[in-house]
Amino acid sequence: MTDTEKGQWDATAQGAARLALARRRRRFRLPEETGVIVALIVMIAVIGLAKPRFLNPINLFTVLGNTTFQGMLSLGMVFLLAIREIDLSVGWMFNFSAVVAALLMVAGLNPWFAMIAGIAFGALLGLVNGLLAISLRLPSIIVTLGTFSMFEGLALVINNGRAINPPNPTSTYFTLISAKIFGVVPIVAIVFVSLAVILHFALHHTRFGYRVQAVGSNPDAALLAGIPNALVRLQTLVLMGAIAGLSGSLYVGFRGAIDPQEGSDFVLTVIAAVIIGGTPLSGGYGTVFGAMVGMLIIQAIASGIIFFGIDATWSTFVTGAVIIVAVVLDQVVKYHRLRRAAAQRFLDG
Amino acid sequence: MAPLVSVRDLRKRYGGVTALDGLSLDVDRGVIHAVVGENGAGKSTLMKALAGVVQPDSGRILLEGQEVMIDSPAAARGRGVGIVYQELSLFPQRSVLANLFVNREPLRRGLVSTQAMREMSRELIERLGLHVDVDAPLSRLSIGEQQLVELARVLLEEPRLLILDEPNSALNERDTERLFAVLRQLRERGVTMLYVSHRLEEVFAISDRITVTRNGKDVTTRDRKGLTISEVIDGMIGAHPEDMFPPPLRSRKTGKPEELIVRSVSGGELGNVHFSARSGEIVGLAGLEGAGVSSLLNILFGAHKARSGDAVYPDGRGLPRSATEAARRGVCLVPADRRRNGLMLDRSILFNISHVVIGALNKSPLFSISEARSRASRQIARLRIKTRSPDTFVNHLSGGNQQKVVIGKWLEAEPRVILLDDPTRGVDIGAKREIYELIRGMSADGRIILFSSTELPELIGLCDRILVLYRGRLVGEVVAGSIDNHTLLHLINTGERPHRTASVPQ
């Protein structure tokens with residue numbers, strides 16, 4: 001049968017019925033994040049059954065609040081993995097921006113302006129990463145391996161290796177950012193979730209997000225479709241920096257200080273959250289909500305282990321094991337989906 | 001005595017495409033036997049069957065009269081069949097010696113011995129005239145020398161049958177001469193060679209016997225002596241169905257025609273090419289691999305830089321400096337390798353159709369899925385893409401439908417200049433016809449179309465004018481209707497018209 005004949009056949013009642021079926025199937029398809037969300041709920045339920053105190057809303061929201069700062073970084077990292085890049089310097093961009101924002105507050109700048117300056121400074125650090133990667137034609141993993149230490153070094157130079165404590169911790173900035181709505185829901189958690197909603201929209205419903213996925217899916221084809229690959233890579237790295245700046249500035253407001261080593265161990269947790277969430281390392285696709293849930297899973301493990309009275313150092317080990325389980329499960333699901341698609345194609349002939 | 005290799009009635013289908021359709025062949029000992037044919041004639045599949053890379057659906061392969069099963073590359077090697085592929089399969093970072101002994105490194109006292117490699121390969125390297133430092137990384141060698149290393153690697157296994165799959169496609173004239181000298185020397189030593197190529201000049205220079213293939217069958221096998229290039233060309237072309245090509249459509253365009261003028265453009269293999277093309281005209285581009293056709297299209301699209309020369313596009317401006325600029329100025333390229341350069345296979349039709357409109361143009365900062373869906377539905381209907389929904393992944397489509405997605409994504413951007421780089425390669429015959437109709441339609445809409453192809457009937461059946469490139473130069477510009485397959489193929493292969501007819505206009 002030629003394609004034309006098949007086209008005509010498809011137009012018959014049978015074809016129409018099949019199209020309707022396909023449409024219905026699409027409507028009922030579960031979101032990609034279903035798996036991790038179920039995993040998170042199961043995990044909370046299991047810990048809650050054994051230790052009901054864990055289910056206390058105050059505790060659950062504290063868990064959410066604690067994930068905020070690394071969680072925001074993981075949301076930005078989704079864009080980087082989706083475009084087949086990675087940023088190893090996120091932890092120090094976070095720290096460096098926080099130090100700069102805190103020092104500006106010490107110098108007497110209004111904390112709100114200092115926060116905006118912190119975000120801008122983070123974006124600047126991202127711009128440095130991006131310009132290095134693009135002008136020197138280096139993969140971002142190499143560039144950010146270098147800037148990881150460069151940003152660390154510079155941050156240590158300007159804070160003299162000591163924690164920075166902005167004065168006047170009773171100003172509205174500090175009280176508001178460390179506040180809890182109804183004494184339960186931390187403001188920073190709301191900022192975190194809002195950022196996830198905004199970035200989800202950016203990834204799936206904007207030109208920028210479309211380009212990120214296109215370049216990550218096939219850079220050669222993207223280039224030959226006229227997509228400005230270099231510009232999109234640069235924008236993604238700047239976005240990552242700005243998010244690190246936001247996270248760092250909020251951290252200063254939340255804790256009222258920034259320690260010289262805060263952020264040094266963030267990067268692996270951040271990448272782990274993105275991968276647990278279901279964003280593949282191979283690029284082309286990403287899930288912002290997945291990364292958020294991934295970070296919650298890591299945090300739930302950490303605090304669950306404390307509830308069970310196990311030595312907290314075990315949580316690192318368990319987190320590692322969860323990454324492996326998550327990736328294996330993801331592969332199993334993908335394999336079955338592929339098998340189904342192949343069978344379907346065979347039936348379509 | 002039985003021939004060294006006999007192939008009997010070999011058949012192979014890939015999905016809906018027939019690659020081998022009952023091909024038979026005898027190769028005698030100690031000769032260089034060439035297999036020629038157009039793209040898709042079945043040459044490569046035959047070689048792969050002999051090398052154990054693909055399994056034929058039916059048919060027999062006999063070595064010295066004994067029927068054999070060659071079900072893996074290792075089995076082929078075990079039976080004394082060695083193959084040198086068109087693409088080098090070497091390790092550029094490793095030394096010449098390491099490349100010669102991949103996976104069969106000689107051991108001494110349990111350790112890999114470079115000394116043993118040196119001793120085992122010295123004589124052969126000498127004989128091939130490969131005067132290079134064998135400890136240097138391969139990447140320091142010229143392409144010609146690398147080709148000899150690849151040959152040496154196969155020869156170290158002392159094959160009874162040596163298969164060469166377009167070994168000279170990347171070589172310049174001097175390196176080709178050197179390779180041929182080596183091959184003649186090997187023939188003196190009794191090595192039997194099967195030589196696949198579509199460069200007829202070179203086939204005639206090196207081979208003793210020639211088999212012409214067409215549509216997966218062997219058309220004729222004869223001694224080179226007494227055979228002419230013309231006869232071979234006739235065999236390669238055969239008769240093609242006339243109604244394959246839809247007639248030109250009446251122009252639907254109003255307003256004055258637009259023009260693309262290319263002036264003395266050089267870059268890549270391309271040297272000093274100039275021509276012009278008008279809207280409503282389909283201009284064909286013909287040439288062997290490496291003759292500069294792809295370079296020309298890439299330069300016109302802004303994907304490659306021109307060394308010199310310039311152009312005037314319908315918008316009055318010059319060569320685009322990037323693909324992004326080209327897309328925004330209404331210039332589109334359908335690349336030759338659609339799976340690598342044209343599509344995102346793991347994404348939906350909907351996503352792929354949006355490439356240019358969302359990816360390249362700066363119209364709206366938002367990506368509306370409902371708009372993307374209607375774009376995709378529009379092109380699915382217009383191009384008759386056979387699929388159940390716009391959400392189908394592109395790698396689930398057939399080659400022809402994939403190509404329509406590539407064309408569709410560009411049509412959404414309403415291009416003025418359309419560059420098509422061999423758009424029907426690997427497409428089944430029904431979809432080919434539909435693509436021809438599409439090209440006719442785009443031409444009637446007043447778009448400027450440059451169409452490259454490796455299939456002559458396509459160029460002659462579809463184009464108004466054909467530009468022939470040979471080794472980077474424009475050697476001929478022929479008006480369709482005034483040229484037959486034969487003259488065109490001759491021009492493509494030799495850069496000259498057959499001597500009987502008029503000389504080449506420059």
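Here are four short exercises with worked solutions on this structure, which is a predicted model.

**Exercise 1. Check the span of a helix**

Task: Work out which span is expected for helix α6 of chain B at 1.5 Å a residue, and set it beside the span in the model.

Solution:
- Begin with the residues: α6(B) covers 173-188, which makes 16 residues.
- The expected span is 1.5 Å times one less than the number of residues, and for α6(B) this comes to 22 Å.
- Now look at the model, where α6(B) reaches 23 Å from its first C-alpha to its last, close to the expected value.
- Finally, see what comes after the helix: Gly190(B) follows α6(B) and has a positive phi, near 95°.

**Exercise 2. Read a sheet**

Task: Find which strands of the six-stranded open sheet in chain B stand at its edges, and explain why one side of each has no neighbour in the sheet.

Solution:
- Write down the strand order in chain B: β6-β9-β10-β3-β11-β12, with mixed pairing.
- Go to the edges, where you meet β6 (81-84) and β12 (217-223) of chain B; each has a single partner strand, so one side of each is left without a neighbour in the sheet.
- Next, consider the twist: neighbouring strands of this sheet are turned by 20° against each other on average, direction ignored.
- Zoom in on one pair, β9 (161-165) and β10 (192-196) of chain B, which run parallel and are joined by five bridges. Within this pair, Leu161(B) of β9 stands opposite Thr192(B) in β10(B).
- Then add a helix: α1 (43-50) of chain B packs on the sheet, touching β3, β6, β9, β10 and β11 of chain B, and its direction makes about 145° with that of β9(B).

**Exercise 3. Where two domains touch**

Task: Identify which helix of chain B gives the most to the side of domain 1 that touches domain 2.

Solution:
- Locate the domains of chain B: the assignment gives domain 1 as 5-237 and domain 2 as 244-330 + 415-494.
- The centres of these two domains are 34 Å apart over C-alpha atoms, and 13 residues of domain 1 of chain B contact 13 of domain 2 of chain B.
- Helices α7 (200-206) and α8 (229-237) of chain B each supply at least two residues of domain 1's side.
- The answer is α8(B), with five residues.

**Exercise 4. Where two chains touch**

Task: Describe the side of chain A that touches chain B by residue class.

Solution:
- Start with the contacts: 31 residues of chain A meet 36 of chain B.
- Among the contributing helices, α10(A) gives the most, with six residues.
- By class, chain A's side has twelve nonpolar, ten polar and nine charged residues.

Technical notes:
Residues numbered from 1 in each chain as written. Chains lettered and ligands numbered in written order. Predicted model: local features only at pLDDT ≥ 70, side-chain atom pairs only at ≥ 80, totals over all residues. Helix = DSSP H or I, 4+ residues; strand = E, 2+ residues; numbered from the N terminus. Pairing = 2+ DSSP bridges. Axes fitted to C-alpha atoms, helices over the stretch in contact; angles between N-to-C directions. Contact = placed C-beta atoms within 7 Å. Domains from an automatic or database assignment. Nonpolar A, V, L, I, M, F, W, Y, C, P; charged D, E, K, R; others polar.
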